[in-house]
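Colleague: I am new to this structure and would be grateful for a close look at a single part of it. Please take the largest pocket and what surrounds it.

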Amino acid sequence: MRQGVLCIVIAATAWDTGGAVAAELYDAGRIGSVAVSFWRFLTGLALLMAVHLVRRSRRQETAAPLRGTFTANKLRCLVTGAGLAVQQTAYFASVQQAGLTVATVVTLRSGPVLEPTGAVTGRR
């Protein structure tokens with residue numbers, strides 16, 4: 001249970017700081033939303049790979065099922081990755097265009113509308 005709570009705290013912190021960091025990057029460096037999204041994904045990939053390597057060295061049995069899940073669902077992994085990339089880039093573009101507060105409120109409030117829509121279309 002502690003590990004789950006720790007994961008939620010880390011995810012909430014990363015979500016809360018992403019838009020604010022992007023807004024500062026826009027003001028300071030004239031960097032675009034695609035670049036912010038790219039560097040955020042690259043940093044996340046590096047962190048996930050580091051955690052995976054540490055966990056794999058401790059428990060060998062977790063590596064095979066994870067690899068099997070991804071190889072069995074290649075299309076689903078590609079679609080999920082593309083959807084996440086579009087969502088993050090759109091969020092950072094909206095931070096740049098509308099401001100941090102508006103972008104965050106709209107993003108958070110769209111979840112309860114989009115989630116049931118995706119669930120219904122996924123059943124067909």
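Modeller: The account below begins with the whole chain and then turns to the pocket and to helix H2.

The model is predicted, so local features need pLDDT of at least 70 and side-chain atom pairs count only at pLDDT 80 or more, while totals for chains, interfaces and linings use all residues. Residues are numbered from 1 along each chain as its sequence is written, and side-chain values use heavy atoms, with hydrogens and water left out.

The secondary structure consists of five helices and zero strands; helices (H or I, at least four residues) and strands (E, at least two) are DSSP runs, numbered from the N terminus. Of the 124 residues, 11% count as buried, where buried means under 20% relative accessible area, exposed over 50%, and partly exposed in between (1.4 Å probe, protein chains only).

The largest pocket has a volume of about 1100 Å³. Of the 30 residues that line this pocket, Arg40, Phe41, Gly44, Leu45 and Leu48 are the closest to its centre. Two or more lining residues come from each of helix H1 (2-29), H2, helix H3 (63-72) and helix H4 (74-98). The largest share, 13 residues, is supplied by H2. On a 1 Å grid over the protein atoms alone, a pocket is an open set of points where a 1.4 Å probe fits, with protein on both sides within 12 Å along at least five of seven lines, and lining residues have an atom within 4 Å of a point. Grid points are joined across faces, edges and corners, and the volume is the space filled by probe spheres set on the points.

Helix H2 deserves a further look. Ser33 belongs to this helix, which covers residues 33-58. Ser33 is buried, with a relative accessible area of 10%. Leaving aside residues up to four places away in sequence, Ser33 touches Tyr26, Thr89, Phe92, Ala93 and Gln96; a contact means heavy atoms within 4.5 Å.

Leu42 is also found in H2, but counts as partly exposed at 38% relative accessibility. Together with Phe38, Trp39, Leu45 and Met49, Leu42 forms a nonpolar patch on the surface, with about 510 Å² of accessible area. Such a patch joins nonpolar side chains (Val, Leu, Ile, Met, Phe, Trp, Tyr) within 5 Å, from residues with over 30% relative accessible area and no salt bridge, that is, no side-chain nitrogen of Lys or Arg within 4 Å of a carboxyl oxygen of Asp or Glu. The areas come from the Shrake-Rupley method with a 1.4 Å probe, and for residues only the protein chains shown count as cover. Leu45 is thus named both in this patch and among the residues closest to the pocket centre.

Key:
Patches are made of residues with over 30% relative accessible area and no salt bridge: like charges are joined within 9 Å, nonpolar side chains (Val, Leu, Ile, Met, Phe, Trp, Tyr) within 5 Å.
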